[in-house]
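Student: I have a model open and would like to learn how to read it. Where do we start?

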Amino acid sequence: MKAPALLAFALPALLAGCASGPSAEEQAALVADARKATAALTQKLGGELKAALGEKGAEGAIGVCKERAPQIAAEVSRQFGLQATRVSPKNRNPAAVPDAWEAEAQAGLEKRLAAGEKPETLDTWQIVGTPTGKQFRYAKALPVLPLCLTCHGDPAAIPAGVKARLAADYPLDKATGYAPGMVRGIVSIKRPL
């Protein structure tokens, strides 16, 4: 085989290897997995929060967010083979600061909410380049439910005992002032490709 013929044969294979990312089917599978992981995280955390609220009241339930939420996120991450976290620009936990992609994703979800989309349907995803390779990124809105207001609502309406516990556990807390239906933060999923 002559060199030009070899090049003509090898070029399509080389270009296929440099394709821009996963196929539409592969992306759909990534999104489906991210949605399952997000549902697992929010259902497990929500269930534990409701149980703690019933047993210990709002002050006692704060411990679930502080201690169990990171553990649940780690469990879900291992189960689904990805990195799942909860982040917000108005974070309670100083470790929950969004990166640039997450902040932009949440801002976009908030715009969609303002345009009339239902909070429970708000999610977005993208394939992004990183220094270590391509990565699948996914964000699901965490809407404020009435149950959330005891700890995340109007600071003037938060009970004194809850305020004291929040001040002790989260001295840099920014996660108040919300109303039902607002986007409080996102579940963020990262998966290397």
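Tutor: We start with the packing. Keep in mind that this is a predicted model. The largest nonpolar core has 21 residues. Those touching the most other members are Ala-37, Leu-41, Val-76, Leu-82, Ala-84, Phe-136 and Ile-189.

Student: Which elements give two or more residues to this core?

Tutor: They are α2 (24-80), β3 and β4 (183-192). The largest share, 14 residues, comes from α2.

Student: Which residues is Ala-84 in contact with, leaving aside its neighbours within four places in sequence?

Tutor: Contact means heavy atoms within 4.5 Å. For Ala-84, the list is Leu-41, Ala-73, Val-76, Ser-77, Ser-188 and Ile-189. Another core, of ten residues, lies apart from the largest one. Its members include Trp-101, Leu-109, Ala-139 and Ile-186.

Student: Now the sheet. What is the order of its four strands?

Tutor: The order is β1-β4-β3-β2. The sheet is open, and its pairing is antiparallel.

Student: Why is one side of β1 and of β2 left without a neighbour in the sheet?

Tutor: β1 (83-87) and β2 (123-130) are at the edges, so each has a single partner strand and one side without a neighbour in the sheet. Twist comes next: neighbouring strands are turned by 25° against each other on average, direction ignored.

Student: How many bridges join β3 to β4?

Tutor: Nine, and the two strands run antiparallel. For a single position, take Gln-135, which stands opposite Pro-192 in β4.

Student: What about Gly-133? Is Gly-133 buried, partly exposed or exposed?

Tutor: Buried means under 20% relative accessible area, and exposed means over 50%. Gly-133 has 29% relative accessibility, so this residue counts as partly exposed. Gly-133 lies in strand β3, residues 133-143. Gly-133 and Pro-192 are 59 residues apart in sequence, yet their C-alpha atoms are 7.3 Å apart in space.

Student: Which strands does α2 lie across?

Tutor: α2 lies across β1, β2, β3 and β4, at about 50° to β1. Helix α3 (residues 100-114) also lies across β1, β2, β3 and β4, running at about 130° to β4.

Student: Pick one residue of α2. Is Thr-38 buried or exposed?

Tutor: Thr-38, in helix α2, counts as buried because its relative accessibility is 4%. Leaving aside neighbours within four places in sequence, Thr-38 is in contact with Tyr-138, Lys-140, Val-187 and Ile-189. You have met Ile-189 before: this residue is also on the contact list of Ala-84.

Technical notes: Residues numbered from 1 in each chain as written. Predicted model: local features only at pLDDT ≥ 70, side-chain atom pairs only at ≥ 80, totals over all residues. Heavy atoms only, no water. Buried < 20%, exposed > 50% of the residue type's maximum accessible area, 1.4 Å probe, protein only. Core = buried A, V, L, I, M, F, W, Y, C linked by side-chain atoms within 4.5 Å. Pairing = 2+ DSSP bridges. Axes fitted to C-alpha atoms, helices over the stretch in contact; angles between N-to-C directions.
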